[in-house]
Amino acid sequence: MLRKRIIFALIYSDGNFMQSRNFRLQKVGNLHWLEKNYKFQNIAFALDELMLNASKGEKNMLEFASTISKLVNDVFIPIAAGGGIRTMEDADLLFKSGADKIVLNSLLVENPDMVKEIIKNYGSQSVVACIDCKLRDDNYEIFIKDGSLKIDYELKEYVAYLELLGVGEIYLNSIDKDGTGFGYDQSLIDTVNRITSLPLIIAGGAGNESHLAQGLKIENVSAVATANLFNFIGNGLPNARRQLIADNENIANWNFNNYSNT
Amino acid sequence: MKVVIVDYGMGNIRSIVSTLNYLNVHDVTVSDSLQTFESADRIILPGVGNFGEAISQIRSKKLDDYLQTVVIDQKKPLLGICLGMQLLGLSSSEHGYNTGLAYVNGVVTKFENNAVKVPHVGFNQIKVNTNSKLFEGISDRADFYFTHSYRMHSEEDINQSLCNYQDDFVAGFEVGNICGVQFHPELSQFNGLRLLKNFIDNF
């Protein structure tokens, strides 16, 4: 049976990892902090996928790429990386630095031809489309540029547009719920879930293991993501995974006995 | 132990290299030269991207001839990963019809979008073939990471392990010194480490 995934999304800006709340960023710590508080190589064994997003102000793609390559050593899970990708060279650099997929946001609207070109070179399965949404007057508005610029698409229309572009997955993020720890935006998820045939990753709002469990229970949702650096500190993620497996959630259960040389 | 990863300009090979290093295999070379292939103890054919593009790259660099020499004639162990596995089959329907290297009986077609979500992405369980050296010690229903829109079926017994998504397709096969896996062992946690270790130790 195809398993659902738990994704940890790290937000990176100018050498630091950030906690985001409603897309306002707060500095948490650098790579050293992350290693110390998350013991990354261990934590990774509790995750299905790791996502790294360079955010606001991070213009230095080389430095971001070098952080990725440091972070992914001895991490044997897929890595998705994004933020500020504008050219094929940006995409090439991230793939070379250890990214298995890239996450696109602004480029989807600003340069669809480039998106098609990336898909042609790396395949649909290597491109994740990130949709940042905000509810206003019973209507979901879509934003690009780290939530700073609203675009004119209707949500349904936009999803159809992305499917036509040929992206491989949708990362659906709620700006309203982002970093709140109040749980996922169920109605946003339902809206997109009804209309897309692409694998759907939900993000924004997960603050504890029961939120992850609620997300995993939604039919047709492929993956649940959290970017909450504060709430899962230490062994938060391994503990959450153990509990979710004990509760029979449909997530992969790697047999640690299959490989004992660690 | 020297592992050579076939370079045809496609695929994220960084994680394969770092996984091999983790398994204490440090002599890992990415190459497109016959001479280097002939010095290898193990050969890996990686692959991300589309089948037609990949096979035309392989043929234009004469890698099909080189592989014929070292894999078919000299019987060096070969592991195809993801698209690299598909390339070992007879044909694929990805962006038109293309023939593969035809080392095994396997035909590659697309998942049907109205039946399942495409691409097939995430960890999925394998019906493990216990006759396979590649899967030694890996428990039945073990989880491996997949990410693909096309999959292989075989009409012959190619000693396959199967995965179910829409229907049963070839998740892995092993015929003599030639094997392939549709999933990414380098992205499959302990299960993948064990599988790659088997490829190093058992062939």
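Below are four exercises on a predicted model, each with a worked solution.

Residues are numbered from 1 along each chain as its sequence is written, and chains are lettered from A and ligands numbered from 1 in the order in which they are written. In this predicted model local features need pLDDT of at least 70 and side-chain atom pairs count only at pLDDT 80 or more, while totals for chains, interfaces and linings use all residues.

**Exercise 1. Two helices of chain A**

Task: Find which residues of helix 10 and of helix 9 of chain A are buried, and state what covers them.

Solution.
1. Helices (H or I, at least four residues) and strands (E, at least two) are DSSP runs, numbered from the N terminus. A residue is buried if 20 or more other C-beta atoms lie within 10 Å of its own, exposed if 12 or fewer, and partly exposed in between, with C-beta atoms placed from the backbone.
2. Helix 10 of chain A covers residues 236–246, and its buried residues are Leu237(A), Ala240(A), Arg241(A) and Leu244(A). They lie on the same side of helix 10 of chain A because they cover an arc of only 100° around the axis. The arc is that of the directions from the helix axis to the C-beta atoms.
3. An α-helix has 3.6 residues a turn, so residues three or four places apart point the same way.
4. The cover over these residues of helix 10 of chain A includes strand 1 (5–13), helix 2 (40–43) and helix 9 (209–217) of chain A.
5. In helix 9 of chain A the buried residues are Glu209(A), His211(A), Leu212(A), Gly215(A) and Leu216(A). Their arc around the axis is only 155°, which puts them on the same side of helix 9 of chain A.
6. The buried residues of helix 9 pack against strand 1, strand 11 (200–203), strand 12 (221–226) and helix 10 of chain A.

**Exercise 2. The contact between the chains**

Task: Describe the side of chain A that touches chain B.

Solution.
1. Two residues are in contact if their C-beta atoms, placed from the backbone, lie within 7 Å. On this basis 34 residues of chain A are in contact with 37 residues of chain B.
2. Helix 4 (88–96) and helix 6 (112–122) of chain A each supply at least two residues of that side.
3. The residues on that side of chain A divide into 14 nonpolar, 13 polar and seven charged. Here Ala, Val, Leu, Ile, Met, Phe, Trp, Tyr, Cys and Pro count as nonpolar, Asp, Glu, Lys and Arg as charged, and the others, Gly among them, as polar.

**Exercise 3. Strand 1 of chain B**

Task: Name the partner strands of strand 1 of chain B.

Solution.
1. Two strands pair if DSSP finds at least two bridges between them.
2. Strand 2 (residues 27–31) of chain B runs parallel to strand 1 of chain B and is joined to it by five bridges. Ile5(B) stands opposite Val30(B) there.
3. Strand 3 (residues 42–45) of chain B is also parallel to strand 1, through three bridges. In strand 3, Arg42(B) is the bridge partner of Val3(B).
4. Four of the five residues of strand 1 (residues 2–6) of chain B are buried, so this strand is largely enclosed by the rest of the structure.

**Exercise 4. Glu174(B)**

Task: Decide whether Glu174(B) is buried or exposed, and list its contacts beyond four places in sequence.

Solution.
1. Glu174(B) sits in strand 12 (residues 167–175) of chain B.
2. Glu174(B) is buried, because 25 other C-beta atoms lie within 10 Å.
3. Leaving aside neighbours within four places in sequence, Glu174(B) is in contact with Ser132(B), Lys133(B), Leu134(B), Asn159(B) and Cys179(B).
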